[in-house]
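Please walk through this structure from its sheet outward. Keep the model open as you read.

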Amino acid sequence: MSAPLLDIRDLKVYYFARRGTVRAVDNVSLKLTKGESLGLVGESGCGKSTLGLAILRLVPEPGRIVAGSVIFDGLDLTKLPEEDMRRIRGSRIAMVFQDPMTSLNPLMKIGEQLTETLMVHGEADKEVAKEKAISILSDVGIGPERFNDYPHQLSGGMRQRVMIAMALILKPDLVIADEPTTALDVVTQAQIIDLMKDLKEKYKMSLIFISHDISLVSEVADRMAVMYAGQVVEVGDVLSIFDEPLHPYTKALLEAIPNIELADQKLVYIPGSPPDLVSPPPGCRFHPRCPFATDKCKVEEPEMIEVRPGRWVKCFRYG
């Protein structure tokens, strides 16, 4: 079996705040093969975005990676000099951020931002860079007549398309999309999802798609990792997780999806709130909200176990 493109091992990312240490990512291990799509799902504040930023070593202060490794194509990114990481960002691993308006330079035309990306990474000829920029904009559905537009002249959906073009222009091996549809209406969301699926096939890239919407992740991902309170609690292929969720948290997330075809459906919600990651509960972090919790769950932390090939779960109900 070939080595995975990305192998995250026992990763810990903490924020050292005045009120205490926030354990945003706490002992997370994940693998991603070449050409695969992995969905990363969970409630807001569970550590999804921090995990995405940690892969690129872009965790903002006062956060830092305190333990573990991120092996990308045989290289441990946590140990690389910053100069080497700069070369990897964009060219080998790219990121589509949540809000394109804060990621794009408002004072530069979108075409200039794309050509500058190419030239910084080695494309010396400005005319060739312009041709490549126009081509990638066409791939994301933006015509050449918008090349000289500023970000504020574009709609939210078009700005997100520009961000996708920015991520793909250097043809990276891995793209991390951090909730790229959050601020968009449902029609534009569907267009962006279809676009990302098409581009993934065209560019033969791997994809990590981060979202709090488990139904949205199912549209784009081959496998899914469910995060809760800084930890991954279940991993498996999308169809098997939807057919048979193993972890009580995954089951609760799926039950909370409303069905628009059922007029008299009773809305289901997960009682309680996610824990404070400065002082998470002992034992299983989901036990205060879990209907199946036992005394053991309150004092011992379960191990991540493989219950069958490709299906992993962090729960005492298995094994």
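The paragraphs below go from the sheet to its helices and then to two single residues.

This is a predicted model, in which local features need pLDDT of at least 70, side-chain atom pairs count only at pLDDT 80 or more, and totals for chains, interfaces and linings use all residues. Residues are numbered from 1 along each chain as its sequence is written, and side-chain values use heavy atoms, with hydrogens and water left out.

Start with the sheet. It is open, has 8 strands in the order 6-7-8-3-9-10-12-11, and its pairing is mixed. Strand 6 (93-96) and strand 11 (305-308) are the edges, each pairing on one side only. On average, neighbouring strands are turned by 20 degrees against each other, direction ignored. Helices (H or I, at least four residues) and strands (E, at least two) are DSSP runs, numbered from the N terminus. Two strands pair if DSSP finds at least two bridges between them. Axes are lines fitted to C-alpha atoms, for helices over the stretch in contact, and angles run from 0 to 180 degrees between N-to-C directions.

Now the individual pairings. Strand 3 (residues 37-41) runs parallel to strand 9, joined by 4 bridges. Here Gly 39 stands opposite Met 224. Strand 9 (residues 223-228) is antiparallel to strand 10, with 6 bridges. Met 227 faces Val 232 across that pair. The hairpin of these two strands has 2 residues between them, and Ala 229 takes a positive phi near 50 degrees. Strand 10 also pairs with strand 12 (residues 311-313), antiparallel, over 2 bridges. There, Glu 234 has Val 313 as its bridge partner.

How enclosed is strand 10 (residues 231-237)? Of its 7 residues, 6 are buried, so the rest of the structure largely encloses this strand. Buried means under 20% relative accessible area, exposed over 50%, and partly exposed in between (1.4 Å probe, protein chains only).

Next, a helix. Helix 6 lies across strand 6 and strand 7 (174-178), at about 175 degrees to strand 6. Arg 159 belongs to helix 6 (residues 156-168). Arg 159 is buried, because its relative accessible area is 17%. Leaving out residues up to four places away in sequence, Arg 159 touches Pro 100, Met 101, Leu 104, Pro 151, His 152 and Leu 154. Contact means heavy atoms within 4.5 Å.

Leu 58 is in the loop between helix 1 (48-55) and strand 4 (63-72). Leu 58 is partly exposed, because its relative accessible area is 34%. Beyond neighbours within four places in sequence, Leu 58 contacts Leu 53, Arg 89 and Phe 97.
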